[in-house]
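Q: Could you take me through one helix of this protein and what surrounds it? I'd like a close look at that single part.

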Amino acid sequence: MKTKYLVGVFTSVLVIFLVVASGEAQKAIPQENLLVLTVATKETEGFNRFLRSAKFFNYTLKVLGRGEKWRGGDYTTAPGGGQKVRLLKSALENLDEEDQIILFIDSYDVIFSSGPKELLKKFQQAKHNVVFSAETLIWPNRHLEDKYPHVREGKRFLSSAGFIGFASSLKKMVQDWNGKDDDSDQLFFTNLYLNPEMRDKINMSLDNKCRIFQNLYSALDEVVLKFENGRVRARNVVYDTLPVLVHGNGPTKLQLNYLGNYIPKAWTFETGCTVCNEDLQDLSVLQKSEYPMVLIGIFIQQPTPFVEVFFERLLNLQYPKDRLKLFIYNHEPHHEKHVKSFVEVHGDEYRAVKIIGPEEELNNAASRNFGVNLCRKDDECQYYFSIDVEVVLKNTNTLKILIEQNKSIITPLISRHGKLWSNFWGALSADGYYARSEDYVDIVQSRRVGIWNVPYISSVYLIKGSTLRSELTEETIFTSGKLDADMAFCSNVRNRGVFLFVSNREEFGRILSTENYQTSHLHNDLWQIFENPKDWEERYIHQNYSRIFKEKIIETPCPDVFWFPIFNDITCDHLVEEMENFGQWSSGQNVDTRIQGGYENVPTIDIHMNQINFEKEWHKFLLEYVAPVTEKMFPGYYTKALFDLAFVVRYKPDEQPFLRPHHDASTFTINIALNRVGIDFQVSALPSGYPWVVI
């Protein structure tokens, strides 16, 4: 019994001793011991994003190389980066503290996902003096693969994009650097690591399981967003780790942009967008005469419906017209009359107007290059606002809203009515074409609202004039190999490190469908009820129509007769003008070969809807706008709105002297008065004249 008792006491003491010893070994490194060093010779949007994330977590940061010309080469074509090693070596010479911890990291394509406390804890747990980030692919010399130590699990190859270590150890690591600025920093650090003697002397290791560093190259499938407690992290699902830093190395910068829309707290489910109001430009403090000068580039590339309405909306933009210049490129002869009419009436209201017509025969890319070059070469031009004529800008404050966001390039989100098709892409496929991001649908449907960094925009966008004159100086920015103009533009912009943003903070409008637009009629927009139903309704349906279902505005002048508003002035004018343009009015005689049997009991002078190929559209109109009214008047009854005959009748003085009052043979008759108030033979009993239906 005594022996067992003594063993029990001894074991308990041993356990207590181990706990105490372990606690002493894990004493946390003070956060003030950490200094983050990075190299940035110029400010870019990627660099500012990095600074924002560092500030969010209160990192102590020192930027090396500011104001210095970059001589470290171009990573997209060949290894380089020696300039970073030179700057690091110089910075370390002034650091003498023995317990100083240095994190050296790229900045243009890196985001902090967590703070110094977690970073130092994970560095401490690594139990090495220097820890480099790791990746799956070897670079820049694949022939060195066999020299790398094997690992049981995790990434095997060194990446120089980020490493953390004691300042004293880093000094030893770079003390022998005497390379050129465009030599490879990656190769230099790789050779150090692959030298067993040097690796042991400095006590170097790799972050094989991405506990600290997450390089995205060849690892896109490993990384997902993790939303937790009002913050967002990147999670590596392969190793079940939460990296402190995320690096978009190689061709993965687009994925970093996607992650950066959320990490560390740019957008969360709890807060929504937290960065949308940063660095705003407040126009409300300016006099109208002080507003930025904007060149609006308008592009008509193809036959497009509702062009007249487009110019009406342009005219209604809430922005001083003397601070606007217009450049109109019209490739389509059909729309020359619309451009001419607008400029003749309103051109003098703008600061300047320049028009290029179809006779110039510019292709899409050339016309758009011409537009941005006008702004680039004009010192007055502070913004270039490009808009295609198929864009329906419903928000009259769109231009002001975009300017106030103060982005280099930004587009208002617009989409096709009732569809997910929009003017931005959330991701790109491997061959550079459309791919759907995980958040695309939520953004289009405004379930997630904010400012989003995306790889592709089109149709309408605002560019800073200063960006055109500094970052995007190439005069053929819309040209790139076999890519179309929009894809070439976005590709060239991305390659220069400029971000493309889309805003869905407001309802801005939509974009028209142009695929099946025909120009064979006088008023071709009348035929758009199928392709662009919302625009058709706004153009042609009376403004009081919707009141029918909320108020008592249907009148009953006599039993079984109902009056209600249906068309507006424009609809009536267009229908009348369309019929007059067609011109093939019937004779008003009893013999009528257009109808079955060839005989009309009560003939009128008319044109049938099927003669102008408007019968399908008329049926659609009856289904969408007349049938709901009949169902309101007769609850429980439904109609397919089928009809035997639809036509427009013309009445002129003395044209049909023998036409007398009569009863129609139909069960239901729909009559729409198309005359304006005051016109001869206006039915005086109809309130406000033409826009009313009698059933």
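A: Happy to; here is a walk along helix H11 and on to a residue of helix H15. This is a predicted model, where local features need pLDDT of at least 70, side-chain atom pairs count only at pLDDT 80 or more, and totals for chains, interfaces and linings use all residues. Residues are numbered from 1 along each chain as its sequence is written, and side-chain values use heavy atoms, with hydrogens and water left out.

H11 covers residues 364–376; helices here are DSSP runs of H or I with at least four residues, strands are E runs of at least two, and both are numbered from the N terminus. Its 13 residues should span 18 Å (1.5 Å times one less than the number of residues), and the end C-alpha atoms are 19 Å apart, which agrees. At the N-terminal end, asparagine 363 acts as a cap: one of its side-chain oxygens lies 3.3 Å from the backbone nitrogen of alanine 365.

Alanine 365 is also among the buried residues of H11, along with Arg368, Asn369 and Val372; buried means under 20% relative accessible area with a 1.4 Å probe, protein chains only. Their cover includes strands S14, S15, S17 and S25, as well as helices H14 and H15.

In H15 (residues 485–495) sits asparagine 492, which is buried at a relative accessible area of 8%. Leaving aside residues up to four places away in sequence, asparagine 492 touches Thr476, Ile477, Thr479 and Ser480, where contact means heavy atoms within 4.5 Å. A polar atom of the asparagine 492 side chain lies 2.8 Å from the backbone oxygen of isoleucine 477.

Technical notes. Buried < 20%, exposed > 50% of the residue type's maximum accessible area, 1.4 Å probe, protein only. Polar contact = N/O pair within 3.5 Å; in protein donor to acceptor, adjacent residues only side chain to side chain.
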